[in-house]
Amino acid sequence: AVRTIGPGDWPLHNLDGHNSRYSPLTQITPANASKLAVKWQFDLPKGSTLGSATPIVGGGIMYVNSGRQVFAIDAATGTQIWTTEPEGDFKPGGRGPAYADGKIFVTGQSMLAAFNAENGKPVEGFGKGGVLHLTKAALDAKEPGTYPADFDPYSIGYMIASSPTYANGTIYMGLAQADSLVPGGLITAIDAATGAIKWVWRTIPQGPGDDGWELAKDTWSGELRYGGGIWTQPSIDTELGLLYANVSNPSPNYDGSSRKGINLFTNSVVALDLATGKLRWHFQVIHHDIWDWDLVTGPTLFDITVNGQPVKALASLAKTCYVYLFNRATG
């Protein structure tokens with residue numbers, strides 16, 4: 001049976017589709033925080049490390065991956081329930097797993113693995129034996145026939161640096177960190193049951209076949225249009241039917257002479273149609289970045305009242321120490 005997600009659970013890296021990162025639990029308060037003490041600890045096997053992975057909790061079970069190994073731990077007692085690891089050549093990486101539909105989705109350098117949350121067994125119908133070569137599948141969907149069957153996207157810098165998020169049977173992922181010379185990061189939608197790619201959007205359009213090309217084509221001076229990785233988990237508004245992502249800096253970082261112009265859609269908040277992946281609106285916070293001052297947190301979604309009127313809002317923070325606030329329906 002699929003466990004029920006309760007108010008104390010934390011199923012995604014940023015808690016939920018709005019990236020709210022706020023727990024309603026009230027046991028710990030400013031008045032009693034000084035009395036906190038260790039209740040349990042879980043010792044990883046020798047040589048293991050959590051790196052930058054965030055543990056998640058679904059149905060009272062904590063899940064975390066250390067390299068290839070995935071652990072399910074009773075969140076109340078710290079007792080290990082199961083441990084497993086993906087089949088095949090799964091190079092570890094990413095920010096930690098996601099819990100959805102009774103499954104655990106674990107990222108590697110360029111792959112995504114799915115396990116049954118109750119027993120740790122691979123989800124056989126997902127990808128190949130529970131493992132999807134995600135970046136290769138996304139590139140093949142974007143550019144059919146371009147890459148040979150044994151091509152490793154990691155060899156040209158495509159390395160996953162963000163965690164999956166989830167809504168209505170679909171996993172949404174930002175692919176590639178920003179410091180490699182990749183021809184644009186990728187945002188992709190994946191069928192959570194099968195691993196089939198639903199759509200892919202490229203953050204730096206490379207030609208007329210990429211959505212947003214007419215807007216972006218004259219904002220780069222040369223043919224080499226690099227960067228635009230995704231470091232953070234996208235946010236989702238299922239009512240508006242929009243996905244929001246922070247696109248990071250152009251490459252090379254500190255020398256912009258090869259890329260004169262404002263370099264869209266780097267350093268931008270973008271809103272994509274949740275069903276099709278088409279660009280709905282964008283806002284670039286820094287034009288022609290040469291200082292690696294990319295957007296680093298968010299987008300976070302919240303609802304507020306302004307001058308007596310309800311507003312569906314979005315906030316993203318940048319290394320400039322500014323907070324950028326938008327009406328998320330319109331940009």
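Trainee: Where is N263 found?
Mentor: N263 lies in the loop between β16 and β17. Strands here are DSSP runs of E, at least two residues, and helices are runs of H or I, at least four, numbered from the N terminus. This is a predicted model: local features need pLDDT of at least 70, side-chain atom pairs count only at pLDDT 80 or more, and totals for chains, interfaces and linings use all residues. Residues are numbered from 1 along each chain as its sequence is written, and side-chain values use heavy atoms, leaving out hydrogens and water.

Trainee: Why does N263 count as buried or exposed?
Mentor: Buried means under 20% relative accessible area, exposed over 50%, partly exposed in between (1.4 Å probe, protein chains only). N263 has 0% relative accessibility, so N263 counts as buried.

Trainee: Which residues does N263 touch?
Mentor: Leaving out residues up to four places away in sequence, N263 touches T219, W220, P250, Q284 and H288. Touching is contact: heavy atoms within 4.5 Å.

Trainee: Y254 is in the loop between β16 and β17 too. What makes Y254 buried or exposed?
Mentor: Its relative accessible area is 55%, so Y254 is exposed. Together with W291 and W293, Y254 forms a nonpolar patch on the surface. Their accessible area together is about 410 Å².

Trainee: What makes that a patch?
Mentor: Patch residues have over 30% relative accessible area and no salt bridge (Lys or Arg side-chain nitrogen within 4 Å of an Asp or Glu carboxyl oxygen). Nonpolar side chains (Val, Leu, Ile, Met, Phe, Trp, Tyr) are joined within 5 Å, like charges within 9 Å. Areas come from the Shrake-Rupley method with a 1.4 Å probe; for residues, only the protein chains shown count as cover.

Trainee: Now D237, in strand β14. Why is D237 called buried or exposed?
Mentor: D237 has 3% relative accessibility, so D237 counts as buried.

Trainee: What joins the side chains of D237 and R328?
Mentor: A polar contact of 2.8 Å. The cut-off is a pair of N or O atoms within 3.5 Å; within protein, one must be able to donate a hydrogen and the other to accept it, and residues adjacent in sequence count only if both atoms are side-chain atoms. At 2.8 Å, the D237 and R328 pair qualifies.

Trainee: Why is α1 described as largely enclosed?
Mentor: 7 of its 9 residues are buried, so the rest of the structure largely encloses α1. Among the buried ones are L134, A137 and K142. The cover includes β7, β8, β10, β11 and β12.
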